[in-house]
Amino acid sequence: QLHFVESGGGLVEPGGSLRLSCAASGFTLDYYTMAWFRQAPGKEREGVSCISSSGGSTNNADSVKGRFTISRDNAKNTVYLHMNSLKPDDTGVYYCAAARPGIRIEFWDECTDLREYSYWGQGTPVTVSS
C-alpha cells in the first residue's frame, strides 16, 4: 500500500527556514510526478511546488519563487521542500502528493491540478509567527 510520511513542520519566526521531507514506503517514488500543496485555515488547498519524476523540471507558485525549492532524492525515496525567508502567509498544513508521470511541469495549472494527484500524505503543519 502506498504511504507517505511527512516531517519537518513546526513553529518558526518570520524570516526563518524549514525543510519538509516526504518519505515514501510501499512503492518507489521515481515513477511519479510529485508536488507540495498547502492549506491555510479557512482557505482552499493550493499548489506550492511541483517536480518531474526525474527531478529535471520544477515549478513554483509566484508567492514562493525565490524562497522555496522543491527537490527529490529518488535513491532515498524522498521529496523535500526547502523553505527560506518564511512569512506569516506561509502558515498552513503542507501536504506532499504523487501524480502520474508526464504531467507538463511548465504549465502551472496542470502541475497543480488536484485531480491529477492520486496519493497524498497526512500533512505537516507549519506556523510562521513571532
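A pocket here is an open set of grid points with protein on both sides within 12 Å along at least five of seven lines, and its lining residues have an atom within 4 Å of a point. The model on screen is predicted, and the tour starts at its largest pocket.

**Stop 1: the largest pocket**

Select Arg38, Ala40, Lys43, Glu46 and Asp89. These lie nearest the centre of the largest pocket, among the 13 residues that line it. The space inside amounts to about 220 Å³. Colour the lining by residue class: eight of the residues are charged, three are polar and two are nonpolar.

Now centre on Lys43. Lys43 sits in the loop that runs between β4 (33–39) and β5 (46–51). Is Lys43 buried or exposed? Its relative accessibility is 58%, so Lys43 counts as exposed. To place this loop against another part of the chain, draw a distance from the C-alpha atom of Lys43 to that of Leu11: the separation is 20 Å, for residues 32 apart along the chain.

**Stop 2: salt bridges**

Stay at the pocket and show the side chains of Arg38 and Glu46. They form a salt bridge, with N and O 2.7 Å apart. The two partners differ in accessibility: Arg38 has a relative accessible area of 7% and is buried, whereas Glu46 is partly exposed at 38%.

Next select Asp62 and Lys65. Their salt bridge has its closest N and O atoms 3.1 Å apart. Here Asp62 is exposed, with 67% relative accessibility, and Lys65 is partly exposed, with 48%.

Then go to Asp113 and Arg115. The closest N and O atoms of this salt bridge are 2.9 Å apart. Asp113, at 19% relative accessibility, falls under the 20% limit and therefore counts as buried. Arg115 is exposed, at 75%. Return to Arg38 and Glu46 and add Arg67 and Asp90 to the selection: salt bridges with shared partners join these four residues into one network. The count of salt bridges in the model is seven.

**Stop 3: the four-stranded sheet**

Switch to a cartoon view and select β1, β3, β8 and β7. In that order the four strands make an open sheet with antiparallel pairing. Which strands stand at the edges? They are β1 (3–7) and β7; each has a single partner strand, so one side of each has no neighbour in the sheet. Neighbouring strands are turned against each other by 15° on average, with direction ignored.

**Stop 4: β8 and its partners**

Select residues 78–83, which make up β8. Five of the six residues of β8 are buried, which leaves the strand mostly covered. On one pairing, β8 meets β3 (residues 18–25) in the antiparallel sense, over six bridges. Show Ser21 and Tyr80 to see a pair of bridge partners between these strands.

The pairing of β8 with β7 is also antiparallel and has six bridges. Two positions can be picked out here: Thr69 has His82 of β8 as its bridge partner, and Asp73 stands opposite Thr78 of β8.

**Stop 5: β7 and the hairpin turn**

Select residues 68–73 and show the side chains of β7. In a regular strand, side chains alternate between the two faces of the sheet. Which side chains of β7 point to the buried face? Phe68, Ile70 and Arg72 point to one face and are buried, while Thr69, Ser71 and Asp73 point to the other face and are not buried. Thus Thr69 and Asp73, already selected for their places opposite β8, belong to the face of β7 whose side chains are not buried.

Finish at the turn of the hairpin. Four residues lie between β7 and β8, and in this hairpin Asn77 takes a positive phi near 60°.

Terms used: Residues numbered from 1 in each chain as written. Predicted model: local features only at pLDDT ≥ 70, side-chain atom pairs only at ≥ 80, totals over all residues. Heavy atoms only, no water. Buried < 20%, exposed > 50% of the residue type's maximum accessible area, 1.4 Å probe, protein only. Pairing = 2+ DSSP bridges. 1 Å grid on protein atoms, 1.4 Å probe; cavity = no way out; pocket = protein on both sides within 12 Å on 5 of 7 lines; lining within 4 Å. Points joined across faces, edges and corners; volume = space filled by probe spheres on them. Nonpolar A, V, L, I, M, F, W, Y, C, P; charged D, E, K, R; others polar. Axes fitted to C-alpha atoms, helices over the stretch in contact; angles between N-to-C directions.
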